[in-house]
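Here are a few exercises to work through with the model open in your viewer. Try each task before you read its solution.

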Amino acid sequence: MNLKKKFLATVTAAALSISLTFGAPVVAEAASAGDLIGAGIAIGIQATQLNAQLNQKIKYYDTTEEGRQELYDSFRQKYGVSDNAEYNAKLDRIMANLTEGVAAVDPTIKSKPYLYFVSNQNAINAACSMGHVMMVNAGTFKKITNEDEIAAIVGHEMGHGQKNHVAKGNKKHLQKAVTASVAGTAIGATVGGGALTSIITQVALNHSVAHGDRKHETEADLLGFEYMTHTNYNPGACAAVMQKFVEMEIGSKQSGAMAFFNPSDHPDSEKRRDAYVKKLYEYSKNHVTAKNAVITVNKKTFIKVAPSSDMSAAERSYFILGNLASAYHRGQDKYEATVQNGIVMLGNQPIIEPLEGDEEAQTIADRLNAIK
Ligand SMILES: [Zn+2]
């Protein structure tokens, strides 16, 4: 079939379905005429009608309790629910902490709390749909054991949720998908209002996760960081989890079917990490930064960080950087660096617990006092 014929066939099928649903005679006429002018009319009507139904559906899922619950149930059914007690407890805790963190900057969360669950999926991923419906894959908990790093991922998703990225950004994408689905139904079969609604519902469900739009991704990253700084989680975890992605080489090879936090749908992990390091620098009031596991305080080398049993030196360095940034942010740098129970403190802020390969705690504290 050549392209023009295929185009016409698609439009005609869509037009038929619509005309059966809405009983608009002009569409039926256009379909039977089967010429380009007719197709033009059909497209016009199809777009308006589908749009109206789709917008209604999006509003239902996004803003009504009934719709939110329906979306939540569909996600649970589609992706499965993990019964792992540890993962579920962790996500409960993260959601409770981050909900407070979000509320500190965006109180609207109180009127639309998140409906979340641990999905039975193995890839490292998380998703936020319309209506603040969110899931974090079991695989995320399996492969990332640090709670602060998972919180960083969830904070990013909540950034999508708070800014309504799915409902806002996905409309064109959804419209295309609905049109294609409608066209795919058998010509001549009765596609009633109920059937069309179910097509629209199905498409809305399948395409409702946030992904793709770079502007939205950057916004979600920045919001996630801000939310983290209003919790007790280490704000360095945002950069650390990106470093983990870089080292795991998660990227283009992952399936695009589930497009969520998936780094392949996001600006590349190195760039995101560097953007977070810049945020930490600003958060510290321009005092601290880190690169390749070396931490700098006031432009002077502070320490070269050793790896831990489960983190590379670079990944671990971002946690130490996060601690330092918090200390400076809270004005703890006006106090002395000390060693308490083997931990280097700046004021009341723990900075680093030296491990094998690190310098002695007192050596680190002395240097911090010299350059802070
Ligand atoms: Zn995202």
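Before we start, one definition: two strands count as paired if DSSP finds at least two bridges between them. Also keep in mind that this is a predicted model.

**Exercise 1.** Work out which strands make up the open sheet and in what order they lie.

*Solution.* Start with the order: the three strands run S4-S5-S6, with antiparallel pairing. Next, look for the edges: S4 (288–291) and S6 (300–304) each pair on one side only. From one strand to the next, the twist averages 30°. Now zoom in on S4 and S5 (residues 294–297), which pair in the antiparallel sense over four bridges. Within that pairing, Ala290 stands opposite Ile295 in S5. Finally, add the helix: H15 (residues 361–371) packs on the sheet and touches S5 and S6. The direction of H15 makes about 165° with that of S6.

**Exercise 2.** Decide whether Ala275 is buried, exposed or partly exposed.

*Solution.* First place the residue: Ala275 sits in helix H13 (residues 269–283). Then count neighbours: 17 other C-beta atoms lie within 10 Å. Buried takes 20 or more, and exposed takes 12 or fewer. So Ala275 comes out as partly exposed. As an extra check on its surroundings, take Cys238: the C-alpha atoms of Ala275 and Cys238 are separated by 9.8 Å, with their positions 37 residues apart along the chain.

**Exercise 3.** Find out where pLDDT stays under 50.

*Solution.* Begin with the whole chain: pLDDT averages 81, and 75% of the residues score at least 70. Then go local: residues 186–191 stay under 50, with eight contacts beyond four places in sequence. Residues 251–260 are also below 50, and this stretch has 19 contacts beyond near neighbours in sequence.

Methods. Residues numbered from 1 in each chain as written. Predicted model: local features only at pLDDT ≥ 70, side-chain atom pairs only at ≥ 80, totals over all residues. pLDDT = per-residue confidence, 0-100. Contact = placed C-beta atoms within 7 Å. Helix = DSSP H or I, 4+ residues; strand = E, 2+ residues; numbered from the N terminus. Axes fitted to C-alpha atoms, helices over the stretch in contact; angles between N-to-C directions.
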